[in-house]
Amino acid sequence: MATKPVKTLQIERLPVRIYATNTEMGASAALDARAIIQNAIAERGEANIILATGNSQLSFLHTLRVLEGIDWSVVTIFHMDEYIGIDPEHRASFPLFLRENLINFIQPRAFYPVPGNAEDVEAACQEYEDLLRTHPADLVMLGIGENGHLAFNDPPYADFDDPLWVKVIELAEMSRQQQVGEGHFDSLDEVPTHAITLTIPALLAARSMLCLVPETRKARIVRACLRDPISPDRPASILRRAPHAALYLDMDSAALLETSVEERVTTLPVREMVLYKHGVGFFVREGAVAGENVALTFRQDEINDVLKSLAVFDKAGGQVLGIHYQTPMDKDARLASSSIRLSKTASLRDLIADLRGRRVTMDFESAAGILEVVSGRVIGLDESNTLAVDTVSEQLVTLLADDGAVRVFRLGALRSLHVDDPQAGHDLTYFLDTSLSEDARRTVNVRLSAGEHQLAVFYVAPSPTWRVSYRLVAESEVGTESGKALLQGWGLFDNRLEEDLEDVRVTLVAGQPISFIYELYASRIPVRPTVQDETRVAPGPIEFGGADMLEKAELDDSPRFMRAQSKALGAAAPRSAAPMRDMLRAEAMQAAPPAAQAKDVGEFFQYVVTAAVSVKRGESALVPIIGSEINYQRELLYNGAKLPDHPVVALRFDNSTGLTLERGPVTIVEDGDYKGEAVVAFTKDGNQVYLPYAVELGVRITEHKESAAHDTGLTIKDAYFVYEQFVVAITKYTIENTTSKAQTVTIEAPIQVGWELADMRAPDVVTATEHRWRVNIPARSKTDFVRRFRHRSFRREEVRQLSYQKLQEIGKHTWLDEAIQGKLAEMLAELGRIQQANARQTKLAAERETLYKQQEQLRANLTTLQAAGQEAALRTRMLGQLETSQNRLEAIEHEVAQLTQQVLESEQKITQIIAGLG
């Protein structure tokens, strides 16, 4: 009958044993209980035990009553609770339950029921407590309620320090509802509202405590009692502090425990983590494990990074044989291969139907308190619509018994069912495991060689970016604008893991390594070419089908990763550090000394936290990473683009911390007073830091801006005049000091690419992005400061397109050398000839037009005159005039041709001149 747990855990002081089935769990607990009883009898000649009741205890009680080797005649039995006023023969009576499932099968020395029907209940409670104190319990058997209660100590009224051992309590509705759900009552109204219970101190007083919790419905409360803080809200969580207790679970009740705490909390806790600013973390887990398998559970959004980076090492010399994970499939697709498929509303009927033909062992209650055990093969289940009955309990289960008889039982009489068929049992377990699997989590199993192991696991996973905040505690020097200050830096990070972090080494890295998500988890089948069967007898050509190259996922081979593989992992004892508030510089330094070591690793900068850190699940932490004294100077800083009208009060200091300052907010306290807040920019060691923290309203600054453009040079290139031009931007700052003391204002202006200072003094400070000038202003006075910047530009004009007048203007500039000026004079001369020729042609064209009109009039007159008589003389004179005008027209045409040739020659000369200009 010996049974072995499939897994064991240690949650604080509580050993946890997980068994494959409820039956194996109960049998193992019964064997352990027998050993405890036998030891007590061997020591004192008697034993006293306190028993629990309820469905969780059935497999235990059924095994205990048939075990040999217990002298029940010297065993006194108590139990832990009973309803007030319930009929002793009611099926929900706890003494009746114990009689039917244990007492009637053994002969104990005495059985003391809890007196639920006593006339004086308070007196009865005291008498029962006296009995318990005079019979110290060697063993108490426990269960955990669906709300986490022990006995009837319901949350949140359970009292871990109750002075009473037995008392009357009012039942929580959830406890009463559980009794209905387990079939002890038909409705909530029938469940009594009050009961007598042993208190938690009475239960803890036993020498040994064995707690049995089977079934899926208990999985969530088991997980809460083992993972969440110990609290009366979860009364059973107190077991974690009891070194004399043990918890027995089956696979159903431990299902959520497997994915929430288990190895991740107790076996392979986080020992080191390196957090980066771009949302990833490098984690190191280490712990001692025994066996050949370790399951690591990760969130779905982590799995691709884990598969890309996971590395496992056994420092004890064992071997890591492989790393396995479940192929990603839809839950329905995974269940399709199972012969067991259960619905949510008729799971028992579905189970019996799916077990048709399979071997089972069933316990039926043939009469009140009498169980009949039947083994055989399931024939089937007659549904209610077949038998025309109204309730599920009246449906019939038919078995082919081992003796060959066909046996028929009411489904409502079924008390337990054991699946004897190995394949059906495997399919049932597979169905339940798959149904419980959470789509948000993925499990990676590490296969190991046999024996003891000291595992170290390294991987990269998404992690919230760490942040930094600063405190600057300053003490000014009297009568000056300078002083000394303590600069404290605190790193902030979140525990996003589903476990508490205990004594973890933390490193915060400033920098941004290349990181990406590579899809490794999803399985893909690449498309392959289809090759048809060759029908010829003779061999055909040899063909190679194309296939895409598969990309390889590379493990993180950064120096940090490689170093982590070889160094021993451990954790230093934590040191406390408290944030500063309203402290002077020396007190703040003493309260929170530096707790991080700086390490410059090329493109990164690390803050290695020297004290081990502990952070609860779902909490965040601040760790001191910087604590250094600096010398500072107080200044008024003005930048109109950031804050118009007034300067801000700023502290200026050199980063002499030896560390790179990551960007973050800073709170400034000077001379014990809160002064303001600012943002520290990302600053390398040795660079200057400005912290503007307040507005100086006593100094007002107005700006007047103007700009102008001036030609400063001229060259000729490719027949173009190229003008050099400066655009000058002028900003005039009028600074008015209305305070009673002289002030120095630092004017800040951005450095603009392509612009340079013009006709003004050099800046007092030049940063990567700004110029700064310091300007002194006497008390109650006004001062002007002018900032001049200029920007060089160029414009072009085509020489051929310029007018005579434009060329004359250009020729007057001294920017051009004498040779070019001589060429321009030649161009001007030729242009003058062209202008004169064009002007002469214009005049000739006008004259020609006049002559054409005169000729037209003469010809019209000639047509009306006679060649003889008095008109002959007039006609002769008009013919002479016509001849004269025609001669003039011919002369005009000749002159126009000469002028056209002259223009052409001049243009050719201009072209030659332009070609020679450059």
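This section describes the fold, the cores, the cavities and selected residue environments of a predicted model.

The protein has 918 residues, and 46% of them count as buried. Its secondary structure comprises 19 helices and 41 strands. Contacts across the chain were examined by separation. Among contacts with a separation of 6 or more, 74% come from residues 24 or more positions apart.

The largest nonpolar core contains 72 residues. Leu472 and Phe493 have the most contacts inside this core. Strand β30, which spans residues 620-638, gives the most to the core, with eight residues. A further core lies apart from this one. That second core has 48 residues, including Trp165, Val213, Ile221 and Cys225. The surroundings of Phe493 were listed without its neighbours within four places in sequence. On that basis, Phe493 is in contact with Met273, Leu275, Trp466, Arg467, Val506, Val613, Val615, Ser620, Ala621 and Val623. Ser620, Ala621 and Val623 are among these contacts, and residues 620-638 make up strand β30.

The whole structure was searched for enclosed space. Four cavities of 30 Å³ or more were found. The largest cavity holds about 280 Å³ of space. It is lined by 25 residues. Closest to its centre are Thr53, Gly54, His149, Gln178 and Gln179. By residue class, the lining of the largest cavity divides into 12 polar, eight nonpolar and five charged residues. Helices α3 (94-101) and α5 (173-181) each contribute at least two residues to this lining.

Helix α5 was then considered in its own right. Its buried residues are Ser175, Arg176, Gln178, Gln179 and Val180. Two of the residues closest to the centre of the largest cavity, Gln178 and Gln179, are thus found in the buried set of α5. An α-helix has 3.6 residues a turn, so residues three or four places apart point the same way. The buried residues of α5 pack against β5 (81-83) and α3. Helix α3 also supplies at least two residues of the cavity lining. Glycine 183 follows α5 and has a positive phi, near 85°.

Aromatic contacts were surveyed next. The structure holds 16 aromatic pairs. Phenylalanine 78 and tyrosine 112 form one of them, and this pair is stacked because the ring centres are 5.2 Å apart and the planes lie at 25°. Phenylalanine 78 belongs to strand β4 (residues 75-79) and tyrosine 112 to strand β6 (residues 110-112), so the pair ties together parts that are 34 residues apart in sequence. The two partners were also compared by accessibility. Phenylalanine 78 counts as buried because its relative accessibility is 1%. Tyrosine 112 has a relative accessible area of 29% and is therefore partly exposed.

Phenylalanine 282 and phenylalanine 458 form another stacked aromatic pair. Their centres are 6.1 Å apart, with 20° between the planes. Phenylalanine 282 lies in strand β13 (residues 280-290) and phenylalanine 458 in strand β23 (residues 452-462), so this pair ties together parts that are 176 residues apart in sequence. Phenylalanine 282 is buried, with a relative accessible area of 3%. Phenylalanine 458 also counts as buried, at 1% relative accessibility. Elsewhere, Tyr638, Tyr733, Trp773, Phe785 and Phe789 form one aromatic cluster. Tyr638 carries the number of the last residue in the span of β30, 620-638.

Two loop residues complete the account. Threonine 660 sits in the loop between β31 (648-654) and β32 (664-670). With 2% relative accessibility, threonine 660 is buried, because the cut-off is under 20%. Leaving aside neighbours within four places in sequence, its contacts are Phe605, Tyr607, Phe682, Thr683, Lys684 and Asp685.

Serine 231 is placed in the loop between α7 (219-227) and β11 (245-250). Its relative accessibility is 13%, so serine 231 counts as buried under the same cut-off of 20%. Phe160 and Ser237 touch serine 231, not counting residues up to four places away in sequence. Proline 156 is 75 residues from serine 231 along the chain, yet their C-alpha atoms are separated by 8.5 Å.

Conventions. Residues numbered from 1 in each chain as written. Predicted model: local features only at pLDDT ≥ 70, side-chain atom pairs only at ≥ 80, totals over all residues. Heavy atoms only, no water. 1 Å grid on protein atoms, 1.4 Å probe; cavity = no way out; pocket = protein on both sides within 12 Å on 5 of 7 lines; lining within 4 Å. Points joined across faces, edges and corners; volume = space filled by probe spheres on them. Helix = DSSP H or I, 4+ residues; strand = E, 2+ residues; numbered from the N terminus. Nonpolar A, V, L, I, M, F, W, Y, C, P; charged D, E, K, R; others polar. Core = buried A, V, L, I, M, F, W, Y, C linked by side-chain atoms within 4.5 Å. Buried < 20%, exposed > 50% of the residue type's maximum accessible area, 1.4 Å probe, protein only. Contact = heavy atoms within 4.5 Å. Phe/Tyr/Trp six-rings, centres within 6.5 Å; stacked < 30°, edge-to-face > 60°.
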